[in-house]
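Trainee: Could we go through this model together? I would like to see how each label is earned.

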Amino acid sequence: MTSTIKLTALAFLAGIAALPVAAGAQTKPKAADPALVDAYIKSTFGKASPEWQQRITPDETLKTCNAYRNDVPPAEAEAITKRELAKVVYPSDGKYLGDWKSGAKIANNGRGGQFSDPPDTVSGGNCYACHQMEQAEVSYGTLGPSLMHYGKDRKYAPEDIKAAYTKIYDSQAVFACSNMPRFGANKVLSEQQIKDLVAFLFDPESPVNK
Ligand code: HEC
């Protein structure tokens, strides 16, 4: 996951910056050498598949977001949403709603995509890291908006169901330099897993809508 790479780099930088402070030194911490950071990140990808190794190099979209520190000018933002929308693969059967019970589990699962995970680990969506979803779950992050009553509030409208699929498949197809991972485009989640998550948001029986 893109954000994993960013976080790893941040943790590394924070580690370096914290050292002199902890030792009580008066000197300002030096900025980390970017080549050193790159080498460190590469070293953490030891067991990853060649496809994941490739992800160390930012793609066109991430390069632009990095260059502008996510504050992209309108023309760049438009180029990003256009490029990312072209990556979205919609279900061939035209059905966006899977099984909400399975979606609930995927939303709650934060495993996968870490260098310490066995290669056959099925990734979860880790949605609660950033979103409130069903009311009964009290542990959630607030980086993203609350998704409680998401389907109900949208009257279960077909165009909103499709929009949610697009958002989960590739968040940057909707909002350039979004902090939300591009779950489908980056092959973190399968089409079926995304359908199950859409059902978790849009099935009237789902606890999200209770
Ligand atoms: C790292 C944080 C993060 C994670 C993890 C995350 N999201 Fe998001 N999400 C966001 C942010 C931030 C937004 C607000 C719009 C934007 O910046 O893209 C958002 C927006 C959304 C929206 C659109 C909300 C609206 O305003 O209509 C949906 C739907 C959504 N997320 C679903 C999910 C699902 C489902 C998952 C798990 C598979 C997930 N998100 C995981 C950060 C996250």
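Mentor: Happy to; we will take the ligand site and then the aromatic rings, keeping in mind that this is a predicted model.

Trainee: Which protein atoms coordinate the iron atom of the ligand, and how do you know that they count as donors?

Mentor: They are NE2 of His-131 and SD of Met-180, at 2.0 to 2.2 Å. A donor is an N, O or S atom within 2.8 Å of the metal, so both atoms qualify.

Trainee: Why is the site of the iron atom called octahedral?

Mentor: The iron atom has six donor atoms, with angles of 87 to 178° among them. Six donors count as octahedral if opposite donors are over 155 degrees apart and all others between 65 and 115, and the site of the iron atom is octahedral by that rule.

Trainee: What makes His-131 and Met-180 a tie between parts of the chain?

Mentor: His-131 sits in the loop between α6 (100-108) and α7 (150-153), while Met-180 sits in the loop between α8 and α9, so the pair joins parts that are 49 residues apart in sequence.

Trainee: Is His-131 buried or exposed, and what about Met-180?

Mentor: His-131 has a relative accessible area of 12%, and buried means under 20%, so His-131 is buried. Met-180 has 22%, which lies between the 20% and 50% limits, so Met-180 is partly exposed.

Trainee: How do you know that Tyr-150 and Ser-178 make polar contacts with the ligand?

Mentor: An N or O atom in the side chain of Tyr-150 is 2.5 Å from an oxygen atom of the ligand. For Ser-178, the corresponding distance to a ligand oxygen atom is 2.6 Å. The cut-off for a pair of N or O atoms is 3.5 Å, so both pairs qualify.

Trainee: What classes of residue make up the shell around the ligand?

Mentor: The ligand is surrounded by 21 residues: 13 nonpolar, six polar and two charged. Helices α8 (158-169) and α9 (191-202) each supply at least two of the shell residues.

Trainee: Now the rings: why is the pair of Tyr-90 and Tyr-96 called edge-to-face?

Mentor: There are five aromatic pairs in the count. For Tyr-90 and Tyr-96, the ring centres are 6.3 Å apart, within the 6.5 Å limit, and the planes meet at 85°, over 60, so the pair is edge-to-face. Ring pairs also link Tyr-90, Tyr-96, Tyr-165 and Tyr-169 into a cluster.

Trainee: What burial label does Tyr-96 get, and which one does Tyr-90 get?

Mentor: Tyr-96 is at 16% relative accessibility, under the 20% limit, so Tyr-96 counts as buried. Tyr-90, at 27%, is partly exposed.

Technical notes:
Residues are numbered from 1 along each chain as its sequence is written. This is a predicted model: local features need pLDDT of at least 70, side-chain atom pairs count only at pLDDT 80 or more; totals for chains, interfaces and linings use all residues. Side-chain values use heavy atoms; hydrogens and water are left out. A residue is near a molecule or strand if one of its heavy atoms lies within 4 Å of it. A polar contact is a pair of N or O atoms within 3.5 Å; within protein, one must be able to donate a hydrogen and the other to accept it, and residues adjacent in sequence count only if both atoms are side-chain atoms. Helices (H or I, at least four residues) and strands (E, at least two) are DSSP runs, numbered from the N terminus. Ala, Val, Leu, Ile, Met, Phe, Trp, Tyr, Cys and Pro count as nonpolar, Asp, Glu, Lys and Arg as charged, and the others, Gly among them, as polar. Donors are N, O and S atoms within 2.8 Å of the metal (3.2 Å for Na, K and Ca); water is not among the atoms, so sites may look incomplete. Four donors count as tetrahedral if all angles lie between 85 and 135 degrees; four count as square planar and six as octahedral if opposite donors are over 155 degrees apart and all others between 65 and 115; anything else is irregular. Buried means under 20% relative accessible area, exposed over 50%, partly exposed in between (1.4 Å probe, protein chains only). Rings of Phe, Tyr and Trp (its six-membered ring) pair if their centres lie within 6.5 Å; planes under 30 degrees apart count as stacked, over 60 as edge-to-face and the rest as tilted.
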